[in-house]
Amino acid sequence: MKGAVFTGCLFSTGLWLLVEDGWPKICDRKPCVQEMEPGTYFWCSCGHSASQPFCDGSHKGMGPVKEEISEKSTVAWCLK
């Protein structure tokens with residue numbers, strides 16, 4: 001992909017999200033660190049959610065990434 005620009009995020013599951021041409025929208029250059037309870041969370045991968053770092057259904061070309069947290073832990077969520 002000559003001339004393409006890529007950005008990406010690495011998830012706790014080992015998934016690496018690679019996006020072409022500066023997509024998704026960057027909300028912040030530093031992670032959002034939160035104490036998380038066990039459960040299922042849907043991380044916003046497009047950057048257009050008003051509920052960062054979680055999906056609120058306002059996708060722009062990409063859907064949410066499902067993250068399963070099995071025990072209470074501190075998580076640093078990428079904000080694109």
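In this predicted model, isoleucine 69 is in contact with Met36, Glu37, Pro38, Gly39, Tyr41, Val75 and Trp77, once its neighbours within four places in sequence are set aside. One of these partners, glycine 39, is 30 residues away along the chain, yet the C-alpha atoms of glycine 39 and isoleucine 69 are 5.3 Å apart in space. Isoleucine 69 itself belongs to strand β5, which spans residues 65-69. With a relative accessibility of 11%, isoleucine 69 counts as buried, because the cut-off for that class is under 20%.

Attention may now turn to the empty space inside the protein. The structure contains one cavity of 30 Å³ or more, and the volume of the largest cavity is about 40 Å³. Its lining is made up of 14 residues, of which Cys44, Cys46, Ser49, Cys55 and His59 lie closest to the centre. Sorted by character, the lining of the largest cavity comprises six nonpolar residues, seven polar ones and one charged residue.

With cysteines in this lining, a natural point to check is their pairing. How many disulfides does a search of the whole structure find? The search returns zero. Cysteine 44 is accordingly in no disulfide, and the nearest cysteine sulfur, belonging to cysteine 46, is 4.0 Å away. Seen from cysteine 46, the closest cysteine sulfur is that of cysteine 44, and the 4.0 Å between them is too far for a bond, because a disulfide requires sulfur atoms within 2.5 Å. Both cysteines count as buried: relative accessibility is 2% for cysteine 44 and 3% for cysteine 46.

How values were computed
Residues numbered from 1 in each chain as written. Predicted model: local features only at pLDDT ≥ 70, side-chain atom pairs only at ≥ 80, totals over all residues. Heavy atoms only, no water. Helix = DSSP H or I, 4+ residues; strand = E, 2+ residues; numbered from the N terminus. Buried < 20%, exposed > 50% of the residue type's maximum accessible area, 1.4 Å probe, protein only. Contact = heavy atoms within 4.5 Å. 1 Å grid on protein atoms, 1.4 Å probe; cavity = no way out; pocket = protein on both sides within 12 Å on 5 of 7 lines; lining within 4 Å. Points joined across faces, edges and corners; volume = space filled by probe spheres on them. Nonpolar A, V, L, I, M, F, W, Y, C, P; charged D, E, K, R; others polar.
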